[in-house]
Amino acid sequence: MNSLVCYLRYQRHLLYVVFLHLQKTCKHTDSAADVLLQKKGGAGIITLNRPKVLNALSLRMIQQIYPQIKAWEQDPETFLIIIKGTGEKAFCAGGDVRAIADAGKAGDRMTQDYFRDEYTLNNAVGTCKKPYVALIDGITMGGGVGLSVHGHFRVATEKTVFAMPETAIGLFPDVGGGYFLPRLPGKIGYLLALTGFRLKGRDVLKAGIATHFVESEKLPDLEKDLIALKSPSKENIADLLNSYHMQTKIDQEKEFILDEHMEKINSIFAANSMEEIVQKLKQDGSPFAMKQLETINKMSPTSLKLALRQLREGASMSLQDVFTMEYRLSQACMRGHDFYEGVRAVLIDKDQSPRWKPAALEEVSDEFVDNCFKPLGNNDLKL
């Protein structure tokens with residue numbers, strides 16, 4: 001009898017072990033499908049594969065993409081890297097901020113790991129030794145910008161919608177925004193950073209964010225032609241992209257959406273403080289200025305002050321120094337109030353009525369802002 005009991009217990013234990021293994025395997029398979037990493041010919045292809053959530057970038061995806069880029073960089077048989085998204089709507093609509101907010105509330109270290117790993121990946125894109133081609137078809141915001149904008153080639157389409165909307169959720173335009181935004185023509189980057197202004201289609205090219213513009217339906221052909229290139233150099237890739245670009249007639253004659261406002265933008269957003277920008281917008285009084293003022297009034301006052309200083313300082317920094325600075329800011333936001341409140345108002349309750357603390361620009365002291373930029377000692381990001 002005892003031996004039968006022991007045998008049954010052993011069988012039950014065995015089933016439990018198998019069940020656990022299956023659970024892990026299923027989980028692994030599901031999360032592995034969030035990003036597809038394939039080799040076709042001489043091309044490494046990264047496909048963001050979460051179309052239901054607009055290919056939002058999870059920590060798990062970041063941790064899969066980074067080592068693959070590094071491996072392809074060292075592989076003599078890989079000549080270029082292509083990154084794209086699945087689905088009709090988005091390349092990548094941003095980072096998985098809801099998961100980050102949940103982790104922050106629970107005191108989970110994901111709030112450190114996510115930003116550290118994401119910026120490390122963004123830096124790998126910016127320093128990639130192999131030609132890197134991002135097909136930014138559809139919504140490209142926040143984390144999606146970090147996966148594309150620092151690469152050699154960024155191909156926009158008529159479906160591309162570009163924005164850095166972080167000040168609306170109590171964050172700041174990170175993923176290297178402090179580097180590329182102040183380097184855009186005039187003060188366009190400051191407008192994009194502070195208001196979350198959306199650029200669409202060919203305007204993404206005209207603003208200097210994309211390098212090429214191609215019809216969305218031609219992307220599969222472009223991808224095939226890129227893969228078919230024999231040991232391609234950057235010049236070969238540029239020639240191929242240029243040939244597709246030259247054939248694309250959509251919105252060719254259309255004027256850049258910000259053209260008529262550039263003088264205003266350059267004058268207003270050159271101000272030294274957020275309070276001064278607000279004052280200049282009020283003084284201008286034009287419909288364009290009032291629209292930007294209305295938008296700025298909805299944003300987190302803390303985020304606005306952090307973002308303005310981030311861009312002013314980032315304008316003369318290296319990409320790596322910008323990421324170190326932005327990591328410090330990310331951790332300041334994780335310690336604060338506005339990020340959690342912004343995520344609640346925009347993504348969870350969707351009441352679009354965040355209650356910012358402090359509620360006014362004048363209440364965000366210079367001393368507070370200075371503290372957000374201070375080094376984190378051993379916890380600093382090292383690239």
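Two strands count as paired if DSSP finds at least two bridges between them. Keep that in mind as you work through these exercises on a predicted model.

**Exercise 1. Find out in which sense strand S8 and S9 pair, and over how many bridges.**

Step 1: Locate the strands. S8 covers residues 161–163, and S9 covers 199–200.

Step 2: Look at the bridges. S8 and S9 are joined by two of them, in the antiparallel sense. The cut-off is at least two bridges, so this counts as a pair.

Step 3: Pick out residues that face each other. Phenylalanine 162 stands opposite leucine 199 in S9.

**Exercise 2. Work out which strands stand at the edges of the sheet, and why one side of each lacks a neighbour.**

Step 1: Write down the order. The sheet is open and has four strands, arranged S4-S6-S8-S9 with mixed pairing.

Step 2: Read off the two ends. These are S4 (90–92) and S9 (199–200), and each has a single partner strand, so one side of each has no neighbour in the sheet.

Step 3: Recall the background. Strands in a sheet pair through backbone hydrogen bonds, which may run parallel or antiparallel.

**Exercise 3. Explain why cysteine 333 and cysteine 372 are not bonded through their sulfurs.**

Step 1: Remember what the bond is. A disulfide links the sulfur atoms of two cysteines covalently.

Step 2: Check the distance. The cysteine sulfur closest to that of cysteine 333 belongs to cysteine 372, and at 6.8 Å it is too far away for a bond. The cut-off for a disulfide is within 2.5 Å.

Step 3: Turn the view around. For cysteine 372, the nearest cysteine sulfur is that of cysteine 333, and cysteine 372 is in no disulfide. The structure as a whole holds zero disulfides.

Step 4: Add the surroundings. Cysteine 333 is buried at 7% relative accessibility, and cysteine 372 is buried at 5%.

**Exercise 4. Is asparagine 55 buried or exposed, and which backbone oxygen does its side chain reach?**

Step 1: Place the residue. Asparagine 55 sits in the loop between strand S2 (43–48) and helix H2 (59–74).

Step 2: Check its accessibility. With a relative accessible area of 0%, asparagine 55 is buried.

Step 3: Follow the side chain. It reaches the backbone oxygen of phenylalanine 91 at 3.2 Å.

Step 4: Look at a partner. Beyond neighbours within four places in sequence, the contacts of asparagine 55 include Arg50. Arginine 50 is also found in the loop between S2 and H2, and at 18% relative accessibility it counts as buried.

Definitions and conventions
Residues are numbered from 1 along each chain as its sequence is written. This is a predicted model: local features need pLDDT of at least 70, side-chain atom pairs count only at pLDDT 80 or more; totals for chains, interfaces and linings use all residues. Side-chain values use heavy atoms; hydrogens and water are left out. Buried means under 20% relative accessible area, exposed over 50%, partly exposed in between (1.4 Å probe, protein chains only). A polar contact is a pair of N or O atoms within 3.5 Å; within protein, one must be able to donate a hydrogen and the other to accept it, and residues adjacent in sequence count only if both atoms are side-chain atoms. Contact means heavy atoms within 4.5 Å.
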